[in-house]
Amino acid sequence: MADNGDDDEEYRIKEGDYIVLKRGDIFKAVQIVQRKKIIFEKQWFFLDGAVGHLYGTTFEIASGGILQPRKPQNTEGPSDSKEAGTDNRNIVDDGKSQKLTRDDIETLKEQGLKGQEIIEQLIENSSTFRDKTGYAQDKYIKKKKKKYENTVAVLKPSCRILAMMYHGREPGKICHMRYDTLAQMLALANIHAGSKILVFETCAGLVLGAVMERMGGYGSVVQMYPGGGPVRAGVESFGFPAHFLDTLHEFPICHVSALLAGTLEAAAKDPTADEKQLNVAAEEEPNQPETEEQNMETNADGDDAGQDQEAQEKEKRKEAKAQEKKVKLEEKRKRLAAAAALLEGKNADGLVIASRFHPSPVLLGLIKFLSPSRPFVVYSQYKEALIECYTKLREEGGTVNLRLTDTWMRHYQVLPNRTHPVLLMSGGGGYLLSGITVATDDSKPTTLQQTQEPAPKKLKLNNTEG
């Protein structure tokens, strides 16, 4: 029994963990912090009561925002004991069938009635419920449960859950990427433990986190980022352990051309530029304290000792800030050097691109870091950008098995005698361009072009002369 308890510790909710709250089809990623108020679907509660329980547990929100595990309920619904009509032709939706008013429902909530009890009261006070068919009754109960049941499920973050959360709440942050498209990207790029993967994405870190989750903390991931620094909000929501982050490296996309040309040492690793920035900042900051000291000297001569002490404290703070900046710059330089060392070998095992930028220049630049016979995949919300990438790759050569695809997904409702496609569905999950790199010899294509291209021209001339 003790062994089972130890095995369950990994699947139990602990303070400081990143979790995903779920109610119906709505998700929200939060971190468990003691006595922190969480607002989810117009309700507030504290997550302290969830600590120690297993992931996947459904909780009821009691008074005071306290979470309590929901007790198992009978599988029989309230409609099982009710009689049902044969059809709905005589039911008129005039808003007068429900006897309970909004004030009556609020009074029932104040009396301490829970969601299931309120639903039973609504059924008893509905004049048309018995006349509805069994299917309509189940639909009515499902609708009321969604409105009045105060329950929330606590889930462990995963690639699929976070992709569904972002696609449902903020699809623009992940370039409207659907979770089935993300799954195809991981499969097409052959993401597995022990590999070296290059990732360029502007999807709030969701794609990067999915790659790290698939690799399981083994191998290395190089994040190519635009701008001043990498964005990893989605990676934090996964709640990875510390050894996962040790495999993550970062490299600015603006230095790729310098790395390929062999001039990165002078451009990015030059310490003199950073030292100049520190010296300029140190010279500019003392100007304000000097003016303040001059104003204070004119007010009173007796406060010289206090002024000197304040000036010394300010100097210490400035030195501490300068030292802190210097340490950060040194750490950044070391991370850049480590990432450059991984890229210089040009032996990466896979490339994943998913960004709001035009993928053509990014793909043509980063594909040079892949070894031969390695897969790459590019995501874009629009097919025109990928068509341009496809054309350029065919012109330059060095790739085979190029495929431009889009995914079509539709949910189905599976119920007895009511199985049919869901009426509302996603219009599109984006487009994928995938392929495999191959080693090329630059001399062969040119000779072939010189010997083969003039031949059809000569044939045309002979035909015209004849």
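# Helix 16, salt bridges and unusual phi values

Reader: How many helices and strands are in the protein chain?

Author: The protein chain has 18 helices and 16 strands. The model is a predicted one.

Reader: What share of the residues is buried?

Author: Of the 466 residues in the protein chain, 35% are buried.

Reader: And how much accessible surface does the protein chain have?

Author: About 28,400 Å², with carbon and sulfur atoms contributing 50% of that.

Reader: What part of the contacts comes from residues 24 or more positions apart?

Author: Such pairs make up 70% of the contacts, counting those with a separation of 6 or more.

Reader: Let's go to helix 16. Where does helix 16 run, and what does its span come to?

Author: Helix 16 covers residues 383-396, which is 14 residues. From first C-alpha to last it reaches 20 Å, close to the 20 Å expected at 1.5 Å a residue.

Reader: Which residues of helix 16 are buried?

Author: Ala385, Leu386, Cys389 and Leu393 are the buried ones. Viewed down the axis of helix 16, they fall within an arc of 95°, so they line one face of the helix.

Reader: What covers them?

Author: The cover over the buried residues of helix 16 includes helix 15 (359-366) and three strands: strand 12 (375-380), strand 13 (399-406) and strand 16 (431-437).

Reader: Which residues are exposed on the other side of helix 16?

Author: Glu384, Arg394 and Glu395 are exposed there.

Reader: What does phi do just after helix 16?

Author: Gly397 follows helix 16 with a positive phi of about 80°.

Reader: Which residues other than glycine have a positive phi?

Author: Among them are Ala204, with phi near 60°, and Ser373, with phi of about 60°. As background, most residues other than glycine have a negative phi.

Reader: Where are Ala204 and Ser373?

Author: Ala204 is in the loop between strand 8 (196-201) and helix 7 (206-215). Ser373 is in the loop between helix 15 and strand 12.

Reader: Buried or exposed?

Author: Ala204 is buried, at 14% relative accessibility. Ser373 is exposed, with a relative accessible area of 52%.

Reader: Switching to charges. How many salt bridges does a search of the whole structure find?

Author: The search finds nine salt bridges. In general, side chains of opposite charge can pair when their charged atoms come close.

Reader: What about Arg178 and Asp180?

Author: Their side chains meet in a salt bridge at 2.7 Å, N to O. Arg178 counts as buried at 2% relative accessibility, and Asp180 counts as buried at 15%.

Reader: And Glu330 with Arg333?

Author: That pair also forms a salt bridge, 2.5 Å from N to O. Glu330 and Arg333 are three residues apart in helix 14 (residues 304-344), so about one helical turn separates them.

Reader: Are the two partners buried or exposed?

Author: Glu330 is partly exposed, with a relative accessible area of 35%. Arg333 is buried, at 17%.

Reader: Which salt bridge links distant parts of the chain?

Author: One of them is Asp349 with Arg374, where the closest N and O atoms are 3.1 Å apart. Asp349 lies in the loop between helix 14 and strand 11 (350-354), while Arg374 lies in the loop between helix 15 and strand 12, and the two are 25 residues apart.

Reader: How exposed are Asp349 and Arg374?

Author: Asp349 is partly exposed, with a relative accessible area of 21%. Arg374 is partly exposed as well, with 27%.

Reader: Which residues do shared salt bridges join into one network?

Author: Arg232, Glu250 and Arg335 are joined into one network by salt bridges that share partners.

Reader: Now the surface. Which residues make a nonpolar patch?

Author: Val400, Ile436 and Val438 make a nonpolar surface patch of about 180 Å². Val438 is in the loop between strand 16 and helix 17 (443-452), and its relative accessible area of 30% makes Val438 partly exposed.

Reader: Last one: where is Ala242, and what separates Ala242 from Gly217?

Author: Ala242 is in helix 9 (residues 242-245) and counts as exposed, at 57% relative accessibility. Ala242 and Gly217 are 25 residues apart in sequence, with their C-alpha atoms 9.3 Å apart in space.

Key. Residues numbered from 1 in each chain as written. Heavy atoms only, no water. Helix = DSSP H or I, 4+ residues; strand = E, 2+ residues; numbered from the N terminus. Expected span 1.5 Å × (residues − 1). Buried < 20%, exposed > 50% of the residue type's maximum accessible area, 1.4 Å probe, protein only. Arc of directions from axis to C-beta. Contact = heavy atoms within 4.5 Å. Patch = residues over 30% accessible without salt bridge, like charges linked within 9 Å, V, L, I, M, F, W, Y side chains within 5 Å. Areas by Shrake-Rupley, 256 points an atom, 1.4 Å probe, with all protein chains shown as cover. Salt bridge = Lys/Arg side-chain N within 4 Å of Asp/Glu carboxyl O.
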